[in-house]
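Work through the exercises below on the pockets of this predicted model. Try each task before reading its solution.

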Amino acid sequence: MFTVFFFAWPITALLPTYLKTELHLSAATVGDVLFWSGFGTAAGAVLAGFTGDRFGTTRAYWGSLALSIPLLWPIFTMSGSHVVLIGVMLFVQQCFGSGVGGLVPKWMVSWFTLDKRAAGLGFTYNVGALGGAISPVVGAQLAGRMPLGSALMTLSATFTGVVILLVALKFPLRLQRLIRPSAVRPEDGSDIVTRATSQAV
């Protein structure tokens, strides 16, 4: 959860600053771009539910993140004269990179038994949210050494890659097997898609 928040929040928190200071866009244009970025996140959250049901939570999550990474480079290297294209790409990137976060709670609950699910999810999610508090600060610090766009692209791409590896390789399961093998359950991190079958009445 820490790395999930860490890759998402540099863009969420510092995108307006980037658009205003580095691309020199007007306040109205910045607002328009942010609208489409946010709308991409919302659309992605809806789409994620369907892709999770179709492909399995784990595969849908890391696959969607993998699609989002290549879009970071053009978004943060184009000039302000390409603002419409930047807005379109931000919509798509946030759809696959941020909106797919709607699958995270579904994936997380598989790691907790029913009697500990609320406490486990609440603790893990909210302590992990510290990544969202720290990452914009790190992004701002990096921007002292490189352009802000490069800092946002570097942070987001790096930590998205880390999340892809942690999820695709089922790192929590591997860690549990190492620390306490007796606590491993068959449903931990399960990516099985069950299909409902209709019965004739």
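**Exercise 1.** Find which helix gives the most to the lining of the second largest pocket.

*Solution.*
1. Start with the helices that each supply at least two lining residues: α1, α2 (27-55), α4 (83-97) and α5.
2. Pick the top contributor. α1 gives the most, with eight residues.
3. Set this against the full lining, which has 20 residues.
4. Look at the centre. Ala8, Trp9, Thr12, Thr41 and Ser98 lie nearest to it.
5. Place three of these by number: α1 spans 2-22, and Ala8, Trp9 and Thr12 are among the residues nearest the centre.

**Exercise 2.** State the volume of the second largest pocket and sort its lining by class.

*Solution.*
1. The volume is about 330 Å³.
2. Twelve lining residues are nonpolar and eight are polar.
3. No charged residues line the second largest pocket.

**Exercise 3.** Describe the largest pocket: its space, its lining and the helices that supply it.

*Solution.*
1. The largest pocket holds about 630 Å³ of space.
2. Its lining has 23 residues.
3. Nearest the centre are Trp107, Trp111, Phe112, Thr124 and Pro172.
4. Four helices each supply at least two lining residues: α1 (2-22), α5 (104-109), α8 (148-168) and α9 (171-179).
5. The most comes from α9, with five residues.

**Exercise 4.** How many charged residues are in the lining of the largest pocket?

*Solution.*
1. Set aside the 16 nonpolar residues.
2. Set aside the four polar ones.
3. Three charged residues remain in the lining of the largest pocket.

Terms used
Residues are numbered from 1 along each chain as its sequence is written. This is a predicted model: local features need pLDDT of at least 70, side-chain atom pairs count only at pLDDT 80 or more; totals for chains, interfaces and linings use all residues. Side-chain values use heavy atoms; hydrogens and water are left out. On a 1 Å grid over the protein atoms alone, a cavity is a set of points where a 1.4 Å probe fits but cannot get out, and a pocket is an open set with protein on both sides within 12 Å along at least five of seven lines; lining residues have an atom within 4 Å of a point. Grid points are joined across faces, edges and corners, and a volume is the space filled by probe spheres set on the points. Ala, Val, Leu, Ile, Met, Phe, Trp, Tyr, Cys and Pro count as nonpolar, Asp, Glu, Lys and Arg as charged, and the others, Gly among them, as polar.
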